[in-house]
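Could you walk me through this model in the viewer, stop by stop? Please tell me what to select next and what is there.

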Amino acid sequence: MRVGFGVDVHRFGSGDHLMLGGIRIPAPHGVVAHSDGDVVLHALCDALLGAAALGDIGEHFPDSDPAWHQSPSRLFVEHVLQRLEEHSWRVVHVDVSILLESPKLASYKQAMRENIASLCRIPPDAVSIKATTSEGIGFVGRSEGIVAYCVCTIERQ
Ligand code: MG
């Protein structure tokens, strides 16, 4: 059994929605990103890669590679899971914390859980999605951006 940790940050930019955990969420802004800017799936990728000690998301999907331009981040997760499978790892559980001021995510958490569970081929009760504000402090508090943290466990197949 291994534990992995990942974090991702994106700056808010123009747009009318956020992609979080593969779910499209209406918002007063989008994010500045090479891909769809899904901080939850990016943090998940880094947690999985970290647990397996297989590098980080930037090594696997460089910003400079046009192949990943505007990519749905689901493709990153699928690629990472393939790398893990090649090394005989499977996912046991995923725990995510999202920091942002708005919009409220309560009504989207279950959809995120189910989507991540389906991607990782684990039951939804093995996926935890939590959200909190930054109490108006710092770049999250000023609504300049969004952060996601992810911890996961993996085990040998
Ligand atoms: Mg990112």
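## The largest pocket

Our first stop is a pocket lining: by class, the largest pocket is lined by 4 nonpolar, 5 polar and 2 charged residues. Keep in mind as you look around that this is a predicted model. To bring the lining up, select D8, H10, H34, S35, H42, I57, G58, F61, P62, D63 and F76. The space inside this largest pocket comes to about 240 Å³. Now colour β1 (2–13) and α2 (57–60), since each of these elements supplies at least two residues of that lining.

## Two rings in the lining

Stay with F61 and F76, both of which are in the lining of the largest pocket. The structure holds 2 aromatic pairs. Start with the pair at β1: the ring centres of F5 and Y149 lie 6.3 Å apart and the planes meet at 20 degrees, so this pair counts as stacked. F5 belongs to strand β1 and Y149 to strand β7 (residues 145–156), so the pair links parts of the chain that are 144 residues apart. Are these two residues buried, partly exposed or exposed? F5 is exposed, at 51% relative accessibility, while Y149 is partly exposed, at 34%.

Now go back to F61 and F76. Their ring centres are 4.4 Å apart with planes at 20 degrees, so this pair is stacked too. F61 sits in the loop between α2 and α3 (74–86), F76 is in helix α3, and 15 residues separate them along the chain. Colour by accessibility here: F61 is buried at 5%, and F76 is buried at 4%.

## The second largest pocket

Move on to the second largest pocket, which has a volume of about 190 Å³. Which residues should you select to find its centre? Of the 13 lining residues, H17, V31, S35, D36 and Q70 are the closest to the centre. Two elements, β2 (17–20) and β4 (30–31), give two or more residues to this lining. The biggest contribution is from β2, with 3 residues. By class, the lining of the second largest pocket divides into 4 nonpolar, 7 polar and 2 charged residues. S35 is worth a label, as it appears in the lining of the largest pocket and among the residues closest to the centre of the second largest one.

## A charge over a ring

Next, select W89 and R156. The charged end of R156 sits over the ring of W89, 3.8 Å from the ring's centre.

## Backbone stops

Switch to a backbone view for the last part of the tour. Most residues other than glycine have a negative phi, and most peptide bonds are trans.

- **S102 and P103:** the peptide bond that joins them is cis, with omega near 0 degrees. You will find P103 in the loop between β5 (89–99) and α4 (109–120).
- **R121:** this residue is not a glycine, yet its phi is positive, at about 55 degrees. R121 lies in the loop between α4 and β6 (127–132). With a relative accessible area of 62%, R121 is exposed.
- **E135:** here is another residue other than glycine with a positive phi, near 55 degrees. E135 is placed in the loop between β6 and α5 (138–141). Is E135 buried or exposed? At 67% relative accessibility, E135 is exposed, because the cut-off for that class is over 50%.

Key
Residues are numbered from 1 along each chain as its sequence is written. This is a predicted model: local features need pLDDT of at least 70, side-chain atom pairs count only at pLDDT 80 or more; totals for chains, interfaces and linings use all residues. Side-chain values use heavy atoms; hydrogens and water are left out. On a 1 Å grid over the protein atoms alone, a cavity is a set of points where a 1.4 Å probe fits but cannot get out, and a pocket is an open set with protein on both sides within 12 Å along at least five of seven lines; lining residues have an atom within 4 Å of a point. Grid points are joined across faces, edges and corners, and a volume is the space filled by probe spheres set on the points. Helices (H or I, at least four residues) and strands (E, at least two) are DSSP runs, numbered from the N terminus. Ala, Val, Leu, Ile, Met, Phe, Trp, Tyr, Cys and Pro count as nonpolar, Asp, Glu, Lys and Arg as charged, and the others, Gly among them, as polar. Buried means under 20% relative accessible area, exposed over 50%, partly exposed in between (1.4 Å probe, protein chains only). Rings of Phe, Tyr and Trp (its six-membered ring) pair if their centres lie within 6.5 Å; planes under 30 degrees apart count as stacked, over 60 as edge-to-face and the rest as tilted. A charge sits over a ring if NZ of Lys or CZ of Arg is within 6 Å of the ring centre and within 35 degrees of the ring normal.
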